[in-house]
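Subject: A structure for you to explore

Hi there,

Here is the structure I promised to send you. Have a look around it first, and then read on for what I found.

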2 protein chains.
Amino acid sequence: MLKEVDELLQGSRRALARLLTKVENHEADIALAELFPHTGKAWVIGITGSPGTGKSSLVNALAQAYRIHGKTVAIVAVDPTSPFTGGAILGDRIRMRDLSGDSGVFIRSMATRGSLGGLARTTRDAVRVLDAAGYDIVLVETVGAGQSEVEIVRIANTTLVIEAPGLGDDVQAIKAGILEIADILVVNKADRIGANQTVRALKNMLELGHSTKQDHAVAHHGRMMVVQASENNAPDEYWLPPVLQTVAIENTGIPELLDAIDQHRTYRTKTGLASSIEVRTIEDELVQRLRETLLERFMNDLDPQRMQMLIQQIQQRHIDPQSAIQQLITQNNTSIVKD
Amino acid sequence: MLKEVDELLQGSRRALARLLTKVENHEADIALAELFPHTGKAWVIGITGSPGTGKSSLVNALAQAYRIHGKTVAIVAVDPTSPFTGGAILGDRIRMRDLSGDSGVFIRSMATRGSLGGLARTTRDAVRVLDAAGYDIVLVETVGAGQSEVEIVRIANTTLVIEAPGLGDDVQAIKAGILEIADILVVNKADRIGANQTVRALKNMLELGHSTKQDHAVAHHGRMMVVQASENNAPDEYWLPPVLQTVAIENTGIPELLDAIDQHRTYRTKTGLASSIEVRTIEDELVQRLRETLLERFMNDLDPQRMQMLIQQIQQRHIDPQSAIQQLITQNNTSIVKD
């Protein structure tokens, strides 16, 4: 076993920090394989929302609340829209003040290097390292637009979508994709004018969304969990995302938020959803790794001059890209069989 | 040759519309291969900017201006943030009023299906179809955040980034990634208060960006093109993106914008940059196609039960994902050689 992995499992924060840097640089393959057996214990909470919703303060309040309950907490702040994670770093400063010196808390901002897909992968691997390090709760905080949020919070067991009153039109614009990923909706800064209106708007959108999917559930929308009579013994419970109100900087509504997260965890575990979501995540990962590994192996076997020639032929419109690929693959397969 | 491709090359708008639908559904592989020899003639202009910048009106004004110059124009409107391309459809309505009935104009909104990568690919293929159909100018209009814009406008020969006065903080937030892709910056709605301030802010950011990359060029920032003495005969010209002001709905500044686009086209063609950018685009496409094709072939050869078993073993932490992939690939290669 790598020394660093061993130290990580013994609780070394320095080893943890070093491994996360390696994850960011995509140099942690062996370590990730070695620590994998120690993963799968943390509950991963994704937190997403536009700038101005007070997301960082909420993450801060959540972390403190979990600490009071005796849970250890890791925070991963990811900002796919900024190469310098400006928001995340600012958020860290606030958090440092409240959480620093507590060995049960670990905070990390992820730099955004390379593609969006790369960022989702880096986040997944970072969460895995923190999971193996023994943190009970991993909070993944991200800001972004549509696709990026969706990809990054895909790894979360519970996803919170944060709103704030008075962000107006943006709420409408952002909802389409975001509502689908929300397990719990939080209207933060709920002491501001318009909070009730925002809550109502979100509830309406939720009901609209659910009524198309699940008529029966809507009739019970006052309850968070709807138990249904089912004819075919399928998992017969539905989670209707609750809409909660918080004022994070005053800790208002935070205990209720923790309760909601707990209920969601119970729901996911009891229905077996937690396990089937894990299967889907593993499948995604395998396909993604296969895609990269197959390409890497193929490129290693490939004569770079052959590639350059083909590119030239394509540029001169002597061959189209698809036919070029077919040629390349056929030739390479032949040479593999010959070897 | 496919009948549709033949009709497309003869100028049939109906064949064009049908092929674009096939492109959206990823069913146009054969057609794309067949029409590829007829591509590479259009100048592709990417136009990106936040909502509220009047982007659609600007695209509209640009299209009309090109028509006056006798050029045929195709418009592709892509909105990666909305599954229904609300903005694009609204924009289309405005455009329809001004441009409908003109057979030298073709307008298409792209629905966003599947992943961001999928959208970039669909856009690329749609542009290729329009290019083969003979349109002189293809305008690709997109709104989105960071990564999405960057991926979609990667195919453009000239990229315009649109701003408007008074969008305030957003300008700062969006600039980091966006400035890198801008060939020309346009402050639209320049009759509004704060236009000069926005222009100044953009120029400052541009100079900051360039001074780190290219000290010499900054000293000449009053000119758009900076010719340098160079010791190693490398292409010795630099393009410093100009910042133009327009009021699209009144056609103010549009002729100047057309001039700037022309100058950029001349610059790219003269320096050979147009060609080397095309090489990079082809290379990207080959790698992406290889990645998908190799995966597809591998999955076709794979026993689904084998995959399910591995997923289960991973979930039980008996094997890590990387080792699982190595196993899969080794077994599959062996079976290929055996066949």
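How many residue pairs are in polar contact across the interface of chain B and chain A? There are 14 such pairs, with both residues at pLDDT 80 or more. That score comes up because this is a predicted model, so please keep that in mind as you read.

Let's stay with the interface. On the side of chain B that touches chain A, at least two residues each come from helix H3 (29-35), helix H6 (116-132), helix H12 (273-301), helix H13 (304-315) and helix H14 (321-338) of chain B. H12(B) gives the most, with 18 residues. By type, the residues on this side of chain B are 26 nonpolar, 11 polar and 11 charged.

Each chain's share of the contact is easy to remember: 48 residues from chain B and 48 residues from chain A. Together they bury about 5,000 Å², and carbon and sulfur atoms give 69% of that area.

Charged pairs are worth a look too. Side chains of opposite charge can pair when their charged atoms come close. Four salt bridges are found across the interface of chain B and chain A. To see a salt bridge between the chains, find B:Arg291 and A:Glu292, whose side chains meet at 3.1 Å, N to O.

Over all chains, the count of salt bridges comes to 32. Within chain A, the side chains of A:Lys22 and A:Glu4 form a salt bridge at 3.0 Å, N to O. A:Lys22 belongs to helix H2 (residues 13-24) of chain A and A:Glu4 to helix H1 (residues 3-9) of chain A, so this pair ties together parts that are 18 residues apart in sequence.

Now turn to the sheet in chain B. It is an open sheet of seven strands with parallel pairing, in the order E3-E2-E4-E1-E5-E6-E9. Strand E3 (105-110) and strand E9 (243-245) of chain B are at the edges with a single partner strand each, so one side of each has no neighbour in the sheet. From one strand to the next, the twist averages 20 degrees.

Inside that sheet, strand E1 (residues 43-49) and strand E4 (residues 137-142) of chain B run parallel and are joined by six bridges. For instance, B:Trp43 has B:Ile137 in E4(B) as its bridge partner. Helix H11 (residues 254-270) of chain B lies across E1, E4, strand E5 (158-163), strand E6 (184-187) and E9 of chain B, at about 125 degrees to E1(B).

Happy exploring!

Notes: Residues are numbered from 1 along each chain as its sequence is written. Chains are lettered from A and ligands numbered from 1 in the order in which they are written. This is a predicted model: local features need pLDDT of at least 70, side-chain atom pairs count only at pLDDT 80 or more; totals for chains, interfaces and linings use all residues. Side-chain values use heavy atoms; hydrogens and water are left out. Contact means heavy atoms within 4.5 Å. Buried area is the accessible area (1.4 Å probe) that two parts lose on being put together, summed over both. A polar contact is a pair of N or O atoms within 3.5 Å; within protein, one must be able to donate a hydrogen and the other to accept it, and residues adjacent in sequence count only if both atoms are side-chain atoms. Helices (H or I, at least four residues) and strands (E, at least two) are DSSP runs, numbered from the N terminus. Ala, Val, Leu, Ile, Met, Phe, Trp, Tyr, Cys and Pro count as nonpolar, Asp, Glu, Lys and Arg as charged, and the others, Gly among them, as polar. Two strands pair if DSSP finds at least two bridges between them. Axes are lines fitted to C-alpha atoms, for helices over the stretch in contact, and angles run from 0 to 180 degrees between N-to-C directions.
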